[in-house]
Amino acid sequence: MQCALFDAGRCRSCEWIDQPLPLQLSAKMDHLRALLAPFAVESWCEPVRGPEQGFRNKAKMVVSGSVEKPLLGMLHRDGTPEDLTACPLYPETFAPVFAALKPFIARAGLTPYNVARKRGELKYLLLTESLLDGGMMLRFVLRSEAKVEQLRAALPALQAQLPQLKVISVNIQPVHMAIMEGEREIFLTDQQALAENFNGVPLAIRPQSFFQTNPAVASQLYATARDWVRQLPVNHMWDLFCGVGGFGLHCATPEMKLTGIEIAPEAIACATQSAEALGLHNLHFQALDSTRFATAQESVPDLVLVNPPRRGIGAELCDYLSRMAPPWIIYSSCNAQTMAKDVAALADYRVARVQLFDMFPHTAHYEVLTLLIRR
């Protein structure tokens, strides 16, 4: 993939971009094999990869510059801004939105936030696209509510120009820190979620709910987990750290009892909406801390699926699962190093199957799905 930003030394986020994709994938497999070498993996599945460019469904843009000439992109460590609207990781559908947003910022009087001076209102623009119908969600991250009504008044012209903007909201992030979003969300449209669909499973994307940024690979990840679960006699499962329910909704059957746990209420609202659309009445999603939920239970289901953040599931949950001994654990990880540490703590389980998913081409990062079976 060619990238003018990388070639000019202006962005180094894709540190492996100068390597062919097959070499990138080979290096990731070598890394994963080395991490899991102590566990005698019984079956290595073929790695999964997607497109090399235009695959991201989300853009997280720092807004800098001036109200008359805003820049959308990032800030280097020295504070120098970099416009990333031409990044080849974004699909072509993002370009007209970026182009329209720059003059809109001026018309709405949204002064970009100046980090050094701690002045201004507009901190970030967050854009998400649904592959189902091309609908988009646009979120303005502001320092305060001072410009909300001014923004609301200017929106009709933007919506007329960009009818694909189905969900528009303001997030209030008042803290002078590199935090992407705050707790308060103000919707400026009646519609509050994007509809998405992977493998025939309806999904919903709301503000402040995690959703994978590489749909092509994520859909294959969910489908693989579904296939693995369907090969096992599972009547009851937990989906811990479930997000919007992608794994659980794919794996569930009308007869299966499933409990999904995620700390973010917005994600649970999405999962519940999808379960209702599927007509699955034995699925129960709750906004709780996954570790606290699990360790408070006196029994475990047939299968526990975990999809934790980069820190992994941790010693407390590993100890609980070791003691309670569910027959099967499926571990989805975006950080194989912490997963390997957790697997080592689950000493009574054998590593039956492993598959790598190249969710983040041109970087060293990847996702991995692992099936653990009680010895």
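The following legends describe close-up views of a predicted model.

**View 1. The largest nonpolar core and the surroundings of Leu-303**. The largest nonpolar core of the model comprises 48 residues. Within this core, the residues with the most contacts are Met-237, Phe-285 and Leu-303. Helix α5, spanning residues 215–230, supplies the largest share of the core, namely 7 residues. When residues up to four places away in sequence are not counted, Leu-303 touches Val-229, Leu-232, Val-234, His-236, Met-237, Trp-238, Trp-328 and Ile-330. Met-237 thus appears both among the residues with the most contacts in the core and among the residues touched by Leu-303.

**View 2. The second nonpolar core**. A second core, separate from the largest one, contains 45 residues. Leu-5, Tyr-90, Phe-98 and Ile-105 are included in this second core.

**View 3. Ser-219 in helix α5**. Ser-219 is located in helix α5. Its relative accessibility is 15%, and Ser-219 is therefore classed as buried, the cut-off being under 20%. The side chain of Ser-219 reaches the backbone oxygen of Ala-216 at a distance of 3.0 Å. Ser-219 also touches Phe-198 and Asn-199, with residues up to four places away in sequence not counted.

**View 4. Strand β5 and its two pairing partners, β2 and β6**. Strand β5 covers residues 122–129 and is mostly covered, with 8 of its 8 residues buried. Strand β2 (residues 58–65) pairs with β5 in the antiparallel sense over 5 bridges. Lys-58 has Thr-128 in β5 as its bridge partner. Strand β6 (residues 136–142) also runs antiparallel to β5, and 7 bridges join these two strands. Here the bridge partner of Leu-127 is Leu-138 in β6. Strands β5 and β6 form a hairpin with 6 residues between them. In the turn of this hairpin, Gly-134 has a positive phi of about 80°.

**View 5. The annotated cysteines Cys-3, Cys-11, Cys-14 and Cys-87**. An unreviewed UniProt entry lists these four cysteines, Cys-3, Cys-11, Cys-14 and Cys-87, under "binding site". The four positions are spread over 85 residues of sequence, yet they cluster in space, with a largest C-alpha distance of 10.5 Å. Cys-14 occupies the loop between α1 (4–7) and α2 (21–36). Because its relative accessibility is 12%, Cys-14 counts as buried. Leaving aside neighbours within four places in sequence, Cys-14 is in contact with Phe-6, Leu-89, His-362 and Thr-363. Cys-87 is placed in the loop between β4 (81–83) and α3 (95–108). With a relative accessible area of 17%, Cys-87 is likewise buried.

**View 6. Cys-334, annotated as "active site"**. The annotation "active site" for Cys-334 comes from an unreviewed UniProt entry. Cys-334 lies in the loop that links β15 (328–333) to α10 (336–345). The relative accessible area of Cys-334 is 18%, so this residue is buried. Leaving aside its neighbours within four places in sequence, Cys-334 is in contact with two prolines, Pro-308 and Pro-309, and with Arg-310, Tyr-366 and Glu-367.

Notes:
Residues are numbered from 1 along each chain as its sequence is written. This is a predicted model: local features need pLDDT of at least 70, side-chain atom pairs count only at pLDDT 80 or more; totals for chains, interfaces and linings use all residues. Side-chain values use heavy atoms; hydrogens and water are left out. A nonpolar core is a set of buried Ala, Val, Leu, Ile, Met, Phe, Trp, Tyr and Cys residues joined through side-chain atoms within 4.5 Å. Buried means under 20% relative accessible area, exposed over 50%, partly exposed in between (1.4 Å probe, protein chains only). Helices (H or I, at least four residues) and strands (E, at least two) are DSSP runs, numbered from the N terminus. Contact means heavy atoms within 4.5 Å. A polar contact is a pair of N or O atoms within 3.5 Å; within protein, one must be able to donate a hydrogen and the other to accept it, and residues adjacent in sequence count only if both atoms are side-chain atoms. UniProt positions are given in the numbering used here, feature names are shortened, and annotations may be inferred rather than shown by experiment. Two strands pair if DSSP finds at least two bridges between them.
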